[in-house]
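Work through the exercises below with the structure open beside you. Try each task before reading its solution.

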Amino acid sequence: MAAVSLRDVRKSYTPELQVIHGVSMEIKDGEFIVILGPSGCGKSTLLRMVAGLETITAGEIAIGGRVVNQLEPKDRDIAMVFQNYALYPHMSVYDNMAYGLRIRGLAKDEIDTRVQKAAGILELKKFLDRKPRALSGGQRQRVAMGRAIVREPKVFLFDEPLSNLDAKLRVQMRGELQALHRRLGTTSLFVTHDQVEAMTLAQRMIVMNAGRAEQIGAPLEVYARPATTFVAGFIGSPPMNLIPKDGRLLGVRPEHLEPCAASEALLTIDVDLIEPLGADIIVYGRIGDGESARVAARLPADAKAQAGKLAVRYAPQNAHWFDPGTGKRIEQ
Amino acid sequence: MVENRPWLTAFSHGVLILGVLAVAFPLYVTFIASTLTLEQIMQVPMQLTPGDQFVENYSQVLTAGSTKGSKAAASSMLFNSLVMALVIPLGKMAISVISAFAIVYFRFPLRMFFFWMIFVTLMLPVEVRIIPTFKVIADLGLLNTYAGLTVPLIASATATFLFRQFFMTIPDELAEAARVDGASPMRFFWDVLLPLSKTTMAALFVIQFIYGWNQYLWPLLITTDESMYTTVIGIKRMIVGSDSANEWNLIMATAILAMLPPALVVMLMQKWFVKGLVETEK
């Protein structure tokens, strides 16, 4: 186990095409970090740079206090789980897990102990002789994790490992990942574009956009105090409403808008779309005074939602303000 | 398709049976001729039931060859053909799997240039470059040698191209996973790529075995010594002059012997062959 430091890490493929614009972060020993962002924001590239699969153009990455910029992946003491699992198709589950250990020249019984232990944790004992082809998606996912666990690395790197699973299995694996991290306590970096995964798994998260870290912080802190309009608009479902007001941008979460009498209204929504979700109702519409901003409000399940004008208000402490030019948060 | 049209069924079966006859009848005549005496063959019409010369004819060609044309025994010719048909596919595979590995998995200067260099040789089969190649082989003193028979046919782009296409379908993550596991490139090649290429290799082997076995023009040029004749050349050399001067019974026996090994290879490796062409184990 080890701390990981990213110091102004940059990546460019050509002088004009820079994909990572200087990311800095100190990851504590044993921390579970999620890198979150839309596709093409550079999150996988960042992870692959930590793994050593991409070169680092500028800056420094250190694992356990040792700068690893010039080290091969195998010398970095990391283990990686790939999105498509990348299991060796012609090897049995056992051999898939043992392969890296054999290359390292570990003794046969040491390998066996480790593989059996990992298979026990991941409930794979029954499948050790099978080929990956004969396993379901969730089982393959576990084998990929098993391959990482047996290495006993300093850092786990996960590259969207759950995105090939169906929704139900994803929730289950999410829980297993959490349990695994509690049990092993290994520093982990987890890349995803799924905000629910990020919110539930992360101890801290990095929200990335276009190669920049927009915000680094604990999930609830990021949710409660988004640092930029991008973070505000990316996290939350539906995301935070951003309404131009007095030359600034007002941000209010849909759940913080409550219906009220027309006289108390801070906003009036011209509702044109209603989505009842069972637990609550989400209504969408334009702000009444003709401005084009679209707004969503989350109403309790028993509210009477209908198309037409809806007067809403919000508590002042739930209002966020952003600079429309830079997109940065304006502290009150 | 589900159809119930008895006439169409009868008609299509008729066409298929005619097709089979067109292919099978000459083979049958060849076999019958190889069991007759020369006099029986010369009768018009030739009889179409097996004769009693099977053992005599085959032991004659296998041990001594014909009496009028080439004196090469079929056993030595079969051996020469076998060497050619084995060395060519094995040599091709050994070279092309490595060059495909280099082209797909390594970034080196002029990578695409070298790929296209290899690719362009597809346009230069032996027949096109036959005179310069003959000159080179002759100057190297390789006439009437196994090296002379096989080496010029080993270099080819087909296999390299086939392996390249196959390697490109293997996900990059597999190579990356091996890298994270600590496998060196050659280790990855041995432990992952080669086992995955098994079926492709089998398909290639079948195609190239037949290619090597059926070589005609090249061995015809560079083998002048009877001990180096391949079976296909041997048949040609047994035909010496006018129709009646040839020992057709012996020639037909040699022809049957020449047909058997490729047929056997195709039959025995059919399962692997089809697998290699249609599916990949991923």
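The exercises that follow concern a predicted model.

**Exercise 1. Take stock of the model and of chain A.**

Task: State the model's scores, then describe the make-up and extent of chain A.

Solution:
- Start with the scores. The model has an ipTM of 0.83 and a pTM of 0.81.
- Add chain B. Its average pLDDT is 88, and 96% of its residues score at least 70.
- Count the elements of chain A. It holds eight helices and 18 strands.
- Take its extent. The C-alpha trace of chain A spans about 80 × 45 × 30 Å along its principal axes.
- Check burial. Of the 332 residues in chain A, 39% are buried.
- Look at the contacts in chain A with a separation of 6 or more. Residues 24 or more positions apart account for 61% of them.

**Exercise 2. Lay out the six-stranded sheet of chain A.**

Task: Give the strand order of this sheet and find its edge strands.

Solution:
- Write the order. The strands run β6-β7-β8-β3-β9-β10 in chain A.
- Name the type. The sheet is open, and its pairing is mixed.
- Find the edges. β6 (78–81) and β10 (212–217) of chain A each pair on one side only.
- Add the twist. From one strand to the next, it averages 15°.
- Zoom in on one pair. β9 (residues 204–209) and β10 of chain A are antiparallel, with five bridges.
- Pick out one bridge. I206(A) has I216(A) of β10(A) as its partner.

**Exercise 3. Trace the partners of β1(A) and β14(A).**

Task: For β1(A), find which strands it pairs with. Then do likewise for β14(A).

Solution:
- Begin with β1 (residues 4–12) of chain A. Five bridges join it to β4 (residues 58–63) of chain A, and the two run antiparallel.
- Locate a facing pair. L6(A) stands opposite I61(A) in β4(A).
- Turn to β2 (residues 18–27) of chain A. It pairs with β1(A) in the antiparallel sense over seven bridges.
- Find S12(A). It faces Q18(A) in β2(A).
- Look at the link. β1(A) and β2(A) make a hairpin with five residues between them.
- Move to β14 (residues 267–276) of chain A. Five bridges pair it with β17 (residues 308–313) of chain A, again in the antiparallel sense.
- Here D270(A) is opposite K309(A) in β17(A).
- Now take β15 (residues 280–287) of chain A. It is antiparallel to β14(A), with seven bridges.
- In this pair, V271(A) stands opposite G285(A) in β15(A).
- Finish at the turn. The hairpin of β14(A) and β15(A) has three residues between the strands, and G278(A) there takes a positive phi near 95°.

**Exercise 4. Test the length of a helix, then its cover.**

Task: Which span should helix α4 of chain A have at 1.5 Å a residue, and which elements do its buried residues pack against?

Solution:
- Count the residues. α4(A) covers residues 137–150, which is 14 residues.
- Compare the spans. The helix should span 20 Å, and its end C-alpha atoms are 20 Å apart, so the two agree.
- Count the buried residues. They are 11 of the 14, so α4(A) is mostly covered.
- Name some of them. R140(A), M145(A) and V150(A) are among them.
- List the neighbours. The buried residues pack against β6, α2 (93–103), α3 (108–121), β7 (155–159) and α5 (167–184) of chain A.
- Step past the end of the helix. Just after α4(A), E152(A) takes a positive phi of about 50°.

**Exercise 5. Place V222(A).**

Task: Is V222(A) buried or exposed, and which residues does it touch?

Solution:
- Locate V222(A). It lies in helix α7 (residues 219–224) of chain A.
- Apply the cut-off. A residue is buried if 20 or more other C-beta atoms lie within 10 Å of its own.
- Decide. V222(A) has 26 other C-beta atoms within 10 Å, so it is buried.
- List the contacts. Leaving out residues up to four places away in sequence, V222(A) touches M205(A), V207(A), Q215(A), G217(A), V231(A) and I235(A).
- Compare sequence and space. V222(A) and R204(A) are 18 residues apart in sequence and 9.1 Å apart C-alpha to C-alpha.

**Exercise 6. Describe where the chains meet.**

Task: How many residues of each chain are in contact, and which element of chain B gives the most?

Solution:
- Count both sides. 16 residues of chain B are in contact with 17 residues of chain A.
- Find the elements. On the chain B side, α9 (172–180) and α10 (185–196) give two or more residues.
- Rank them. α9(B) gives the most, with six residues.
- Sort by class. The chain B side has eight nonpolar, one polar and seven charged residues.

Conventions. Residues are numbered from 1 along each chain as its sequence is written. Chains are lettered from A and ligands numbered from 1 in the order in which they are written. This is a predicted model: local features need pLDDT of at least 70, side-chain atom pairs count only at pLDDT 80 or more; totals for chains, interfaces and linings use all residues. Two residues are in contact if their C-beta atoms, placed from the backbone, lie within 7 Å. Helices (H or I, at least four residues) and strands (E, at least two) are DSSP runs, numbered from the N terminus. Ala, Val, Leu, Ile, Met, Phe, Trp, Tyr, Cys and Pro count as nonpolar, Asp, Glu, Lys and Arg as charged, and the others, Gly among them, as polar. Two strands pair if DSSP finds at least two bridges between them. Axes are lines fitted to C-alpha atoms, for helices over the stretch in contact, and angles run from 0 to 180 degrees between N-to-C directions. The expected span of a helix is 1.5 Å times one less than its number of residues. A residue is buried if 20 or more other C-beta atoms lie within 10 Å of its own, exposed if 12 or fewer, and partly exposed in between; C-beta atoms are placed from the backbone. pLDDT is the predictor's confidence in each residue, from 0 to 100.
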